[in-house]
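Work through these exercises with the model open. Try each task before reading its solution.

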Amino acid sequence: MTNDKRREEILEILKNADKAISATALAEKFGVTRQIIVADIALLRASGNAIRAEHRGYVIERQFKGISKKIVCKHDKSGVRDEFYAIVDNGGSVVNVEVEHPIYGQISANMSISSRYDADEFIRETSEAGATQLSDLTGGIHIHTINVNDEKNYARICDELKRIGILVCDD
């Protein structure tokens with residue numbers, strides 16, 4: 001198989017996937033190294049394909065039909081689950097997290113957390129890796145972009161985050 005053909009097939013797999021696909025899984029499928037897949041993804045992105053890297057792998061960015069909002073939150077490690085649950089239980093999904101670092105400026109990471117399962121998996125994976133949260137760099141303060149279907153869901157999310165003492169500011 002040629003490199004171009006492999007990249008075409010990778011793109012088709014991602015377009016048809018309903019969840020993120022890891023570079024390792026793609027490497028196994030095509031019998032190449034993970035590094036080759038990472039390079040393939042970089043070339044596909046450079047060609048204008050909207051491929052996003054998430055903590056579980058790669059996804060094609062799809063057009064969201066609802067509204068996106070930014071919220072500023074603050075909590076310690078014990079508040080991560082409560083924060084995610086407050087968002088997904090009230091009809092939202094966590095698109096990303098951003099922090100403003102005094103040296104590096106804005107640092108962000110894609111998340112795609114749309115359910116309690118996603119939240120629990122993220123927390124489990126973080127714990128197993130011994131990783132810290134980005135918000136640990138900023139005393140717990142961080143910004144999430146969230147997607148919601150409508151303003152009513154957004155208001156419910158904000159109300160719940162305020163109730164549990166996590167919301168600092170919203171759009």
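**Exercise 1.** Which residues in the largest nonpolar core touch the most other members?

*Solution.* The model is a predicted one. Start with the core, a set of 23 residues. The members with the most contacts inside it are Ile-71, Phe-84, Ile-87, Met-111, Ile-113, Ile-146 and Leu-161. Next, place the core on the fold. Elements giving two or more residues include strand 3 (67–74), helix 4 (80–88) and strand 5 (105–113). Helix 4 contributes the most, with six residues.

**Exercise 2.** Find what Ile-87 touches, leaving out residues up to four places away in sequence.

*Solution.* Begin at Gly-92, Ser-93 and Val-94, which Ile-87 touches. Then add Ile-71, Ile-146, Ile-157 and Leu-161. Now look elsewhere: a second, separate core has 15 residues, among them Ala-17, Ile-21, Phe-30 and Ile-37.

**Exercise 3.** Describe the largest pocket and its lining.

*Solution.* Take the volume: about 630 Å³. Then go to the centre. Of 22 lining residues, Arg-52, Glu-54, Val-59, Ser-112 and Ser-114 are closest to it. Strand 4 supplies the largest share, three residues. Finally, sort the lining: eight nonpolar, six polar and eight charged residues.

**Exercise 4.** How many residues of the second largest pocket's lining are nonpolar, polar and charged?

*Solution.* This pocket has a volume of about 280 Å³. Its lining holds 19 residues, with Val-97, Met-111, Phe-122, Gln-133 and Leu-134 nearest the centre. Helix 4, strand 5, helix 5 and strand 6 each give two or more residues to this lining. The split is eight nonpolar, nine polar and two charged.

Conventions
Residues are numbered from 1 along each chain as its sequence is written. This is a predicted model: local features need pLDDT of at least 70, side-chain atom pairs count only at pLDDT 80 or more; totals for chains, interfaces and linings use all residues. Side-chain values use heavy atoms; hydrogens and water are left out. A nonpolar core is a set of buried Ala, Val, Leu, Ile, Met, Phe, Trp, Tyr and Cys residues joined through side-chain atoms within 4.5 Å. Buried means under 20% relative accessible area, exposed over 50%, partly exposed in between (1.4 Å probe, protein chains only). Helices (H or I, at least four residues) and strands (E, at least two) are DSSP runs, numbered from the N terminus. Contact means heavy atoms within 4.5 Å. On a 1 Å grid over the protein atoms alone, a cavity is a set of points where a 1.4 Å probe fits but cannot get out, and a pocket is an open set with protein on both sides within 12 Å along at least five of seven lines; lining residues have an atom within 4 Å of a point. Grid points are joined across faces, edges and corners, and a volume is the space filled by probe spheres set on the points. Ala, Val, Leu, Ile, Met, Phe, Trp, Tyr, Cys and Pro count as nonpolar, Asp, Glu, Lys and Arg as charged, and the others, Gly among them, as polar.
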